[in-house]
Amino acid sequence: MDVKIGIVMGSTSDWETMKHACTVLDELAILYEKRVVSAHRTPDYMFEYAETAIDRGIKVIIAGAGGAAHLPGMLAAKTVLPVIGVPVESKALKGMDSLLSIVQMPGGVPVATVAIGKAGATNAGLLAAQILGAECEPIQKRLIERREILKEKVLESSDQLV
Ligand SMILES: Nc1c(C(=O)O)ncn1[C@@H]1O[C@H](COP(=O)(O)O)[C@@H](O)[C@H]1O
């Protein structure tokens with residue numbers, strides 16, 4: 001299978017968070033590429049990445065950044081692929097800065113924003129898989145199986161209340 005998901009992050013320091021999106025895609029056997037791309041530090045590369053993504057077979061971009069997190073929005077400005085933004089937790093403001101930088105896009109250029117940090121990165125992986133799953137039955141089946149496992153875990157977890 002060709003690479004379907006592009007996972008990008010503003011810095012290697014985001015990897016601790018963004019690796020959780022990769023873990024989900026590994027579990028679901030969906031191929032992805034991962035790159036450090038920064039709207040601020042490598043603007044030309046960021047444009048090139050967004051402009052060539054469709055031709056490279058990418059269907060969804062997951063973009064994580066912290067602080068002045070302009071990367072997801074700028075990628076969305078340069079491609080019509082769905083972009084999922086992951087607010088990475090920042091030291092100074094606990095990721096509120098990242099969240100607000102990503103979520104308040106102007107009308108016409110959407111970014112699907114998930115929660116701050118690890119849970120958000122995991123959900124970004126799942127949401128990307130669900131987008132692919134709409135057109136791919138095997139992926140949809142794997143997602144349903146994953147939901148079943150989650151459900152069983154929760155049902156069994158009541159036994160831990162001792
Ligand atoms: N928000 C952005 C962008 C961008 O939006 O283009 N590029 C890097 N960064 C963020 O800067 C933070 C600190 O980066 P360093 O750890 O490299 O200093 C990271 O969370 C990164 O996502």
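Helices here are DSSP runs of H or I with at least four residues, and they are numbered from the N terminus. With that settled, keep in mind that this is a predicted model, and start just past helix α1, where Ala29 takes a positive phi of about 55°. Most residues other than glycine have a negative phi. Ala29 has its positive value although it is not a glycine. You'll find Ala29 in the loop between α1 and β2, and with 11 C-beta neighbours inside 10 Å it counts as exposed.

There's a second spot of this kind to look at. Lys94, also a residue other than glycine, has a phi near 60°, a positive value. Lys94 sits in the loop between β4 and α4, the helix of residues 96-103. Its count is 12 C-beta neighbours inside 10 Å, so Lys94 is classed as exposed.

Now step back to the overall layout. The UniProt record, an unreviewed entry, places "domain: PurE" at residues 3-154. Over residues 3-154 the chain is 48% helix and 16% strand, and the C-alpha atoms at the two ends are 33 Å apart.

Let's go back to α1, which covers residues 15-27. Its 13 residues at 1.5 Å each should span 18 Å, and its end C-alpha atoms are indeed 18 Å apart. Which residues of α1 are buried? They are Thr17, Met18, His20, Ala21, Val24 and Leu25. Look down the axis of α1 and these buried residues fall within an arc of 135°, so they line one face of the helix. As for what covers them, the list includes the strands β1 (5-9), β2 (32-36), β3 (60-66) and β4 (83-88), along with helix α5 (118-133).

That brings us to α5 itself. This helix has 16 residues, which should span 22 Å at 1.5 Å a residue, and the distance between its end C-alpha atoms agrees at 22 Å. Its buried residues are Gly120, Ala121, Ala124, Gly125, Leu126, Ala128, Ala129 and Leu132. They pack against β1, α1, β3, β4 and α6.

The helix α6 (137-157) is among those partners of α5, yet what does its own burial look like, and how many of its 21 residues are buried? The count is zero, so to speak of α6 as hardly covered is fair. Its first and last C-alpha atoms are 30 Å apart, close to the 30 Å expected at 1.5 Å a residue.

Next, the ligand. Which of the 17 residues around the ligand come nearest? Those are Gly10, Ser11, Ser13, Ala39 and Gly66. The residues of this shell divide into seven nonpolar, eight polar and two charged.

Ser11 also turns up in the UniProt record, where the unreviewed entry lists Ser11, Asp14 and Arg41 for "binding site". Ser11 is in the loop between β1 and α1. With 17 other C-beta atoms within 10 Å, Ser11 is partly exposed. Not counting residues up to four places away in sequence, Ser11 touches Val36 and Ser38. Arg41, from the same record entry, lies in the loop between β2 and α2, the helix of residues 43-52. Is Arg41 buried or exposed? Arg41 counts as exposed, because it has 12 C-beta neighbours inside 10 Å.

To finish, take a look at two loop residues that meet. Thr79 is in the loop between α3 (71-78) and β4, and Ala53 is in the loop between α2 and β3. Leaving aside neighbours within four places in sequence, Thr79 is in contact with Ala50, Ala53 and Ile54. Under that exclusion, the contacts of Ala53 are Gly6, Ile58, Ile61, Thr79 and Leu81. Thr79 has 18 other C-beta atoms within 10 Å and is therefore partly exposed, whereas Ala53, with 22 C-beta neighbours inside 10 Å, counts as buried.

Two distances go with this pair. The C-alpha atoms of Thr79 and Ala68 are 20 Å apart, for a separation of 11 residues along the chain. Ala53 and Val80 are 27 residues apart along the chain, and their C-alpha atoms are separated by 9.9 Å.

Conventions. Residues are numbered from 1 along each chain as its sequence is written. This is a predicted model: local features need pLDDT of at least 70, side-chain atom pairs count only at pLDDT 80 or more; totals for chains, interfaces and linings use all residues. A residue is near a molecule or strand if its C-beta atom, placed from the backbone, lies within 6 Å of it. Ala, Val, Leu, Ile, Met, Phe, Trp, Tyr, Cys and Pro count as nonpolar, Asp, Glu, Lys and Arg as charged, and the others, Gly among them, as polar. The expected span of a helix is 1.5 Å times one less than its number of residues. A residue is buried if 20 or more other C-beta atoms lie within 10 Å of its own, exposed if 12 or fewer, and partly exposed in between; C-beta atoms are placed from the backbone. The arc is that of the directions from the helix axis to the C-beta atoms. Two residues are in contact if their C-beta atoms, placed from the backbone, lie within 7 Å. UniProt positions are given in the numbering used here, feature names are shortened, and annotations may be inferred rather than shown by experiment.
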